[in-house]
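Here are my notes on this one, as promised. Have the viewer open while you go through them.

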Amino acid sequence: MVCDKCEKKLSKVIVPDKWKEGASNTTEGGGRKINENKLLSKKKRWTPYGNTKCTICKQQVHQDGKYCHTCAYSKGVCAMCGKQVLDTKLYKQSNV
């Protein structure tokens, strides 16, 4: 649950590289070298979850937010900025 202002900040979906245009699985154009040691040439990989955590339940959060999806919905707040989005006063929610 994200507010309208933070909806523009959402990151894009991961799309595979175009064939032979900087793809990591080709030997042309700076891709994979032949007979290279993969342990020595390891790059820093992109992690989709990063290292941000929910302020309530300490679960890992994607998209650089303050709250995870379940905590944001139960509180009725935006997951990224914490702004009140939904009135959950009359909802029957369990604490499970």
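What follows is a set of numbered points, going from the overall picture to single residues.

1. First, the status of the thing: this is a predicted model, so please read every number below as computed from that model. The protein chain has 96 residues, and 18% of them count as buried. Its secondary structure comes to 2 helices and 0 strands. Helix H1 covers 4–7 and helix H2 covers 69–75.

2. On surface and contacts: the accessible surface of the protein chain is about 8,600 Å², with 53% of that belonging to carbon and sulfur atoms. If you take the contacts with a separation of 6 or more, 24% of them join residues 24 or more positions apart.

3. Now the core. The largest nonpolar core has 8 residues, and three of them are cysteines: Cys54, Cys68 and Cys71. The others are Val61, Tyr67, Ala72, Val77 and Ala79. As background, nonpolar side chains tend to be buried together in soluble globular proteins. Cysteine 71 is a good residue to click on: beyond its neighbours within four places in sequence, it is in contact with Cys54, Ile56 and Cys57.

4. How many disulfides does a search of the whole structure find? The count is 0. Cysteine 3 is in no disulfide, and the nearest cysteine sulfur, which belongs to cysteine 6, is 3.6 Å away. Cysteine 81 is likewise in no disulfide, with the sulfur of cysteine 78 as the nearest cysteine sulfur at 3.6 Å. The cut-off for a disulfide is 2.5 Å between the sulfur atoms, so a separation of 3.6 Å does not qualify. As for exposure, cysteine 3 counts as buried at 6% relative accessibility, while cysteine 81 counts as partly exposed at 30%.

5. Cysteine 3 turns up again when you look at glycine 82. These two residues are 79 apart along the chain, yet their C-alpha atoms are separated by 9.0 Å. Glycine 82 lies in the segment after H2 and is partly exposed, with 27% relative accessibility. Leaving out residues up to four places away in sequence, glycine 82 touches Tyr67 and Val77, and both of those are members of the largest nonpolar core.

6. The structure holds 1 aromatic pair. Tyrosine 73 and tyrosine 91 make it up, with 6.4 Å centre to centre and 35 degrees between the planes, which counts as tilted. Tyrosine 73 sits in helix H2 and tyrosine 91 in the segment after H2, so the pair ties together parts that are 18 residues apart in sequence. Both rings belong to partly exposed residues: tyrosine 73 is at 40% relative accessibility and tyrosine 91 has a relative accessible area of 37%.

7. Look at threonine 88 in the same view. It is placed in the segment after H2 and is buried, with a relative accessible area of 15%. Beyond residues up to four places away in sequence, threonine 88 touches Tyr73, Ser74, Lys75, Gly76 and Gln93. Tyr73 in that list is also a partner in the aromatic pair.

8. Last, a backbone item. Which sign does phi of lysine 58 have? It is positive, near 60 degrees, in a residue other than glycine. Lysine 58 is located in the loop between helix H1 and helix H2, and it is exposed, with a relative accessible area of 54%.

Conventions:
Residues numbered from 1 in each chain as written. Predicted model: local features only at pLDDT ≥ 70, side-chain atom pairs only at ≥ 80, totals over all residues. Heavy atoms only, no water. Core = buried A, V, L, I, M, F, W, Y, C linked by side-chain atoms within 4.5 Å. Buried < 20%, exposed > 50% of the residue type's maximum accessible area, 1.4 Å probe, protein only. Contact = heavy atoms within 4.5 Å. Helix = DSSP H or I, 4+ residues; strand = E, 2+ residues; numbered from the N terminus. Phe/Tyr/Trp six-rings, centres within 6.5 Å; stacked < 30°, edge-to-face > 60°. Areas by Shrake-Rupley, 256 points an atom, 1.4 Å probe, with all protein chains shown as cover.
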